[in-house]
Amino acid sequence: MSEVSFVMKKLRQAMVIFAFLVMITWVRPVFAGTMYTTDAVRIRKSPSTSATIVTTLARYTKVTTSGSEGDWIRVSYGGDKGYIYGSYLVFTEKDAKAAYKKAHSKTSKKSTKKSSKTTSKKKTTKKIIRKINATDVNFRKKPKGTVITTLRKNQKVTLLAMKNGWSKIKLTSGKVGFVASKYLSKRTEADIRHEQIVAWKKKAVKYCKRHLNDIYSQEKRDEKGYCDCSSLMRDAFQTVTGQYIGVNTDSQTNKMKKYLYKLKKGINSARYGDILYHLSGENENHCGIYIGDGAVINASQTKGHVKVSYFDSDSTYWEYGCRAAAYCYDLKKSEEQ
């Protein structure tokens with residue numbers, strides 16, 4: 001064999017090996033087994049982004065796989081069957097968490113820059129501002145601890161917490177420490193209103209969580225263990241606040257019209273503990289309570305029970321948010337006058 005023929009033979013062998021390595025790198029055959037979702041993701045009826053949505057799964061959900069079609073993987077979960085795009089599935093829960101962290105660490109930096117103005121405005125409205133009511137008030141590292149500096153009269157501070165006669169505060173410089181509570185101005189009506197609304201939101205969410213898996217029924221909505229979407233919201237806020245918000249989505253949105261806000265950026269615009277409304281349904285409207293991270297507790301007619309549904313960050317299904325707790329507070333105060 002000539003030297004040229006030997007070289008050509010080796011070259012062909014190398015090309016075959018290279019082609020094989022490329023193939024096993026690019027192609028990931030999926031057989032019967034289990035995989036995990038890397039984010040909130042939809043199961044679709046067929047392998048296409050335009051196919052009917054069967055259900056939506058939370059991130060890190062374990063699904064059963066039975067094959068693949070192109071870039072789509074055939075899965076089943078809790079009786080639901082369909083397809084998930086392959087890039088949203090990995091073989092272990094550890095890999096799923098790593099993939100989610102990697103994907104969102106990049107987007108969070110971008111979104112933080114874009115929404116810094118909006119975020120700062122939201123945080124500002126939630127601050128509880130107090131004034132120092134005496135001269136040369138000691139600002140301490142901890143209650144009865146070392147004095148860091150002294151504060152002047154009428155100096156504004158942010159109240160973080162109060163306990164046993166001491167208040168944890170934050171200065172405009174960002175420093176955090178303690179002062180005796182008696183040296184802070186009293187709570188304003190706005191402070192009291194905000195604190196009560198926040199507390200009611202948390203309690204309303206807890207109420208809905210306690211009723212997860214209650215059976216969906218419009219006919220039996222007023223019986224124990226049953227509800228529909230609007231009766232769940234009605235009962236949650238009536239139990240927590242003592243105020244009636246309406247019998248159905250139409251009456252609720254009519255009563256609380258001044259407290260509605262458009263979700264201009266999809267579900268990312270929603271606020272924890274607010275009611276979300278979908279009002280453009282072909283057959284019926286829908287509502288649920290937002291619990292953060294794209295999750296909504298709702299009484300689902302299609303699933304037949306109260307459940308947590310997860311929505312992509314860019315989802316526009318929910319059209320309006322409603323500050324129901326604020327409505328209840330203002331209604332209660334008006335009744336007391």
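Q: Which residue of E6 stands opposite Val-75?
A: Gly-82 in E6 stands opposite Val-75. This is a predicted model, where local features need pLDDT of at least 70, side-chain atom pairs count only at pLDDT 80 or more, and totals for chains, interfaces and linings use all residues. Residues are numbered from 1 along each chain as its sequence is written, and side-chain values use heavy atoms, with hydrogens and water left out.

Q: What makes E5 and E6 a pair?
A: Two strands pair if DSSP finds at least two bridges between them. E5 and E6 (residues 80-85) have 6 bridges, in the antiparallel sense. So the pairing rule is met.

Q: How do you know that E4 pairs with E5?
A: E4 (residues 62-69) and E5 (residues 72-77) share 5 antiparallel bridges. Thr-64 stands opposite Ser-76 in E5. The two strands form a hairpin with 2 residues between them, and Gly-70 in the turn has a positive phi of about 65°.

Q: Why is H5 called a helix?
A: A helix is a DSSP run of H or I with at least four residues, and a strand is a run of E with at least two; both are numbered from the N terminus. H5 has 13 residues (229-241). The expected span is 1.5 Å times one less than the number of residues. That gives 18 Å; the end C-alpha atoms are 19 Å apart, which agrees.

Q: Why is H5 described as largely enclosed?
A: Buried means under 20% relative accessible area, exposed over 50%, partly exposed in between (1.4 Å probe, protein chains only). In H5, 11 of the 13 residues are buried, so the rest of the structure largely encloses this helix. Among them are Cys-229, Phe-237 and Val-240.
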